[in-house]
Amino acid sequence: MSVKLREAAAAKLPQGALSPARLWPLAGGAAALAAGFFGAGGRVFGGMHPLGLCAVVAAPGLHCLPAAAGAALGYALGLPIDAAAPYLVAAAVLCLWRVFARAEDNAGQIVASAVGAVAFCAVRMAAALAGGEGLAAIALAAAQGMLIVGLGAALGACARRVRTAQGYAQAQRAALCILYMAALVCGAPYSALGLSPAHVAAGFVCLAQAKRHGAQGAALYAAASAVALCAANGANAPAAVGLAAGAVIDLTEFFLFPTGFSFFPGYTLNTMLGLFFYGLFLCRQKPTVLRFVAARTIIAYLINVVLG
């Protein structure tokens, strides 16, 4: 009597389980989670951490949920509980607003940024009043609220432009450059083997831009790298204030006084760089003719001529 051996059927995954259509949303959620986490760790002005909230604003659709979870995790692990509390409350309020409002246009992202800023300021100012920290802490909380509004709206507009491939090539490059600056700030606090990955990445990116786009691309990313790394250093707070003020001024002018033209991130970047160099050369420094001429020369040549 012959015995027929039956081969065990190989375990098979459901058809289409690993298809790109199913993996893409998972990859987007993981990217939003990472953006929120590393954004929460990025410092500007030496002690402010607004980029985690900005990641929640910039995340598309329901990806704001993993972005908020990553930001909350980053704030909880990286800051003392009293310092993290305003960010945690703002991340929760901002996430709920994004989920229920479902507004993905420029105006919706500005409103979402304002909602997060109000929640942050309310908690931080209440803590300052309860602890008797004085007007300086209240003013600092208000300044950080403005920073959340400006950077959140700017990064959200740039992320949407890159994601939807709207506009022409120069607009895409400007939007990518602003997102690159935010990524450098997020990576600045970390080091590996005695090296700063943010500084190493900035060098390689500038070299790659020089090879691909020539002197103009190298100048654009060199200036953007310098601005981002200076903003991440607390000793350069005045220049970083100019950077944030440039974003707030340009976006406020565009949305409150529209001229009929579409949003172009390059103009936002130019305004940010102009005020950055004024702050770098003139703020907390003795105002000399040499400093003023140096600032005007860099702005006139690098920003107005090279970057256009």
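Select helices α3 (residues 64-78) and α4 (residues 81-101) in this predicted model. Their axes approach within 9 Å and cross at roughly 175 degrees; an angle over 145 degrees counts as roughly antiparallel, and α3 and α4 are therefore roughly antiparallel to each other.

Next, display the side chains where the two helices meet. From α3, choose Cys-64, Leu-65, Ala-68, Ala-72, Tyr-75 and Ala-76; their partners in α4 are Ala-84, Tyr-87, Leu-88, Ala-91, Cys-95, Arg-98 and Val-99. By residue class, this contact comprises twelve nonpolar residues, no polar ones and one charged.

Now centre the view on Arg-98, a residue of helix α4. Is Arg-98 buried or exposed? Its relative accessibility is 4%, so Arg-98 counts as buried. Follow the side chain of Arg-98 to the backbone oxygen of Val-56, which it reaches at 2.7 Å. Leaving aside residues up to four places away in sequence, Arg-98 touches Val-56, Val-57, Ala-58, Ala-59, Pro-60, Gly-61, Cys-64, Glu-104 and Ala-112.

Cys-64, one of these neighbours of Arg-98, is the next selection, together with Cys-95. Cys-64 has a relative accessible area of 0% and is buried; Cys-95, at 9%, is buried as well. Why is there no bond between the sulfur of Cys-64 and that of Cys-95? The two sulfur atoms lie 4.4 Å apart, which is too far for a bond, because a disulfide requires cysteine sulfur atoms within 2.5 Å. For Cys-95, the sulfur of Cys-64 is the nearest cysteine sulfur, and Cys-95 is in no disulfide. A search of the whole structure for disulfides returns zero.

Definitions and conventions:
Residues numbered from 1 in each chain as written. Predicted model: local features only at pLDDT ≥ 70, side-chain atom pairs only at ≥ 80, totals over all residues. Heavy atoms only, no water. Axes fitted to C-alpha atoms, helices over the stretch in contact; angles between N-to-C directions. Helix = DSSP H or I, 4+ residues; strand = E, 2+ residues; numbered from the N terminus. Parallel < 35°, antiparallel > 145°, perpendicular 65-115°, else oblique. Contact = heavy atoms within 4.5 Å. Nonpolar A, V, L, I, M, F, W, Y, C, P; charged D, E, K, R; others polar. Buried < 20%, exposed > 50% of the residue type's maximum accessible area, 1.4 Å probe, protein only. Polar contact = N/O pair within 3.5 Å; in protein donor to acceptor, adjacent residues only side chain to side chain.
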